[in-house]
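This report describes one protein structure for a reader who has not met it before. Please look over the sequence and the fold shown here, then read on.

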Amino acid sequence: MPNQLWKGWVIYMVLTANLSEEKATMQVCPSCNTTNFCDCSSMNLSTIPSGLTTDIMGLNLSYNSIKYIGETDLMLGVNLRVLLLQSNQIWTIDKESFIFLGKLEHLDLSNNKLTHLSPIWFGHLFSLRNLNIRGNLYTTLGENPLFSNLRNLRSLHLGNNNSFSAIRKQDFDGITVLEQLEIDGQRLRQYESGSLTTVNSINHTILNIKDVQVLSVMVEDFIHSVICLELRHIAFYTASESSLLEPMSRSVMEKLVFKNVVFTDASTDKMLNILVNAEQLLELELDNCMLQGTGHWHDPIKITRKSPMEVVTIWRLTIDKFYLFSDLSSLKNLISNITKITVVNTKVFLVPCSISRNFSSLLYLDLSENLLADPNLEHSSCDGAWPLLQTLNLSQNALGDLEMTGRSLSHLKHLTHLDISQNNFGEIPESCQWPENLKYLNISGTQIPKVTTCIPQTLEVLDVSSNNLNDFRLNLPHLKELYIAKNKLKTLPDAPFIPNLVALRISRNKLTSFSKEEFGSFRKMETLDAGDNNFICSCEFLSFIQYQEGIANVLANWPENYICDSPSSVRGQQVKAARLSLFECHRTLAVSLICILVVLVNLLIVILGYKLHVIWYMKTTWAWLQAKRKPKKSYNQDLCYDVFVSYSERDSEWVENLMVQELENAFPPFKLCLHKRDFVPGKWIIDNIIDSIEKSHKTLFVLSEHFVQSEWCKYELEFSHFRLFDENNDSAILILLEPIQEQTIPKRFCKLRKIMNTKTYLEWPLDENQQLIFWFNLKTALKC
């Protein structure tokens, strides 16, 4: 008993742990947008994510690792319209997993691992319109009708290429109308006749069936219901295999498509006989097919009536020995009613003249991506060829002579649209012949370096994109649309030459800007695509393009493709949002204002310098610095004079007639240094002053109103003051020749003010008796 309890407890703990782990690993899909569509694709989910709400209308769970869908996983998807579960690993779906999805319109279960299909899954999907169950592992669609409740179903994709092997009568019960039916059945071996007769109308049927016998039975069921039949991945090697499609000649089918299908000369012969007799077949399309033959039919094609076929489209038809292909003369009677032919990438190098002449109803011909050269084009477009042709596409061929190309086509009087782009014309002649009613010409990507009068003046649309054009000066009075992208143009084309232009594409050129006048010259312009150029966002350009009324309605791809390349301050910004500084926008005005400001500042400095005697101070400072650099002299060393006299020239009469006479005639006589007499000629006056002061025992200042107004006296006073303090001597003597009011002394004579306040000075008396005392005191001061 204890052992049993112990085992029960262990089992309980294991189950609890598993449930806890499962709960912990519940996965959530966070990628839901405002339209209530949740994209949880490629998230490595292993289960339907939790957290789904009733608001979700679309759920993409494709490309995950989901293996199982439980009954309650989608119970909150009551408003789901789209459920994508393709490319998972789903192998089991609970029977009532979709019971809550009554509003579901699109369900994709393709490319999973479902081995059986249950009608219960779809029993409540009354609104379902699109169902895809392709690429699973089932072999049949089940024992009971799978789609009986899907009355609104319009698109159905089923089958697989590995195991799907049988279709039974009841499989399509309940379906009456389909827009599209696709069946993958490369391994399909059993098809019960009448299985698809219950479907009254199918607009487009795609059959990927390998077995021609099975295909024949299916086609028999389609003769009254299918409008467009597309056959994929099948081979018709013999006439007998083609004959199995004989029921098509009695069908209501209007379009037949062969995709990745192999034909031979034998099977093609029979197939063409069947198609010619198809009563309502209007369009034939071959996509990536192969013809193993050279076009030599063994039996002549029997035509009992005119073929109704109007459109033939051939994409990438491979003909192994295309260079041996015959002239197709046996097809002459099959093509008279065709109005539109497209033969692309099929190595066509020639259309025989006799065949071209039989295209009596042809309006549209596309021979792009082939091997047509100029001589062969001239043969193909012989006189009488394509008499009603309106549109011709010869792009990506081997054409190299534009003049010869135009001449070969000039007889096509109804031709209005011609595409000869991506050929290698290179140089373009000055004159050419063209169809007289040509309106549209595409010569883009043809390596032309310039346009000439070879371009016809009748054009309304011209495409010269992806060439080497530097300008466009061509008179085209009727031109309405010009495509000139991917060239080297630096300006817009001249508007007077193309006065009726409505649309211009000049993107990806070397355009740097365009002015209001250039833009306005195109009076009828409705669309201008000038994006992806290296715009110089000048002030004029920005002012025009940002504020021009209605320009945003004209510029295509505005504003995302219009980016500034310079100046550097706005490089990489959208032209619409770029802003330049005042200096960048009004450089001339800014420079003028700066120059004016500099002149005013200089003028102000001059005025202030004059008022504040800045120049005088600068001169003094320079002289002082010069003096300071000289070595100091010891007292009485190299003295030549007893006194240096500093006076104003206006006081020279008193100095020279009185003072000099009195002092130089004294006993013993004093040797005076006067600037008039003793300064060295040719020597800088500042140096003379400094040398004279340094060579004099004393410095005598004759102070007067004239002295304080003299610049040189001020220098002499300054240098004397330097000596007074630098050499610590008392060499300055002041004579006050006349009374001087302190307030009359200019402020720059601060040294004079200071000396007069700190040193005793001699005043020249007017009284003659006092003058003797003055001279005595002066001589005494000079001897000290």
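Helix 20 (residues 768-783) lies across strand 32, strand 34, strand 35 and strand 36, and runs at about 165° to strand 35. The model that shows this arrangement is predicted. Helix 16 (residues 685-694) lies across strand 32 (641-646), strand 33 and strand 34, and its angle to strand 34 is about 120°.

The strands under these helices belong to an open sheet of five strands, in the order 33-32-34-35-36, with parallel pairing. Strand 33 and strand 36 (761-763) stand at the edges with a single partner strand each, so one side of each has no neighbour in the sheet. Within this sheet, five bridges join strand 34 (residues 696-703) to strand 35 (residues 732-736) in the parallel sense. One pair of bridge partners is T699 and A732, the latter in strand 35.

**The protein as a whole**

The protein has 20 helices and 36 strands. Of its 784 residues, 47% count as buried. Among contacts between residues at least 6 apart in sequence, 61% join residues at least 24 apart. The protein exposes about 38,900 Å², and carbon and sulfur atoms supply 53% of that area.

**Parallel strand pairs**

Strands of a sheet pair through backbone hydrogen bonds, either parallel or antiparallel. The table lists parallel pairs from other parts of the chain.

| Strand | Partner strand | Bridges |
|---|---|---|
| strand 10 (residues 177-185) | strand 12 | eight bridges |
| strand 12 | strand 13 (residues 226-232) | five bridges |
| strand 17 (residues 283-287) | strand 19 | five bridges |
| strand 19 | strand 21 (residues 340-344) | five bridges |

Strand 12 pairs with strand 10 and with strand 13. In the pairing with strand 10, V177 stands opposite S201 of strand 12. In the pairing with strand 13, H204 stands opposite C228 of strand 13. The chain passes from strand 12 through helix 2 to strand 13, and this β-α-β crossover is right-handed. Is strand 12 largely enclosed or open to the outside, and why? Seven of the nine residues of strand 12 (residues 201-209) are buried, so strand 12 is largely enclosed by the rest of the structure.

Strand 19 pairs with strand 17 and with strand 21. L284 stands opposite V312 in strand 19, while V311 stands opposite K340 in strand 21. Four of the five residues of strand 19 (residues 311-315) are buried, so strand 19 too is largely enclosed by the rest of the structure.

**Nonpolar cores**

How many residues make up the largest nonpolar core? The largest nonpolar core has 167 residues, and those with the most contacts inside it are I133, I183, F236, F258, L462 and F514. Helix 2 (residues 212-222) supplies the largest share of this core, six residues. A second, separate core has 23 residues, among them L672, L700, L737 and F774.

I183 can serve as an example from the largest core. Leaving aside neighbours within four places in sequence, I183 is in contact with L158, F164, I167, F172, L196, I206, L207, N208, I209 and M218.

**Backbone details in loops**

Where does the backbone hold a cis peptide bond? One cis peptide bond joins S566 and P567, with omega about 0°. P567 is found in the loop between strand 31 (564-566) and helix 11 (582-585). Another cis peptide bond joins F667 and P668, again with omega about 0°. P668 is placed in the loop between helix 14 (652-664) and strand 33 (672-673).

Two residues other than glycine have a positive phi: Y63, with phi near 55°, and S466, with phi near 55°. Y63 is in the loop between strand 2 (58-60) and strand 3 (68-69). S466 lies in the loop between strand 26 (461-463) and strand 27 (481-483). Is S466 buried, partly exposed or exposed? S466 counts as partly exposed because its relative accessibility is 32%, and partly exposed covers values between 20% and 50%.

Definitions and conventions
Residues are numbered from 1 along each chain as its sequence is written. This is a predicted model: local features need pLDDT of at least 70, side-chain atom pairs count only at pLDDT 80 or more; totals for chains, interfaces and linings use all residues. Side-chain values use heavy atoms; hydrogens and water are left out. Helices (H or I, at least four residues) and strands (E, at least two) are DSSP runs, numbered from the N terminus. Buried means under 20% relative accessible area, exposed over 50%, partly exposed in between (1.4 Å probe, protein chains only). Two strands pair if DSSP finds at least two bridges between them. Contact means heavy atoms within 4.5 Å. Axes are lines fitted to C-alpha atoms, for helices over the stretch in contact, and angles run from 0 to 180 degrees between N-to-C directions. A nonpolar core is a set of buried Ala, Val, Leu, Ile, Met, Phe, Trp, Tyr and Cys residues joined through side-chain atoms within 4.5 Å. Accessible areas come from the Shrake-Rupley method with a 1.4 Å probe; for residues, only the protein chains shown count as cover. A crossover is right-handed if, with the strands pointing away from the viewer, the path from the first strand over the helix to the second runs clockwise.
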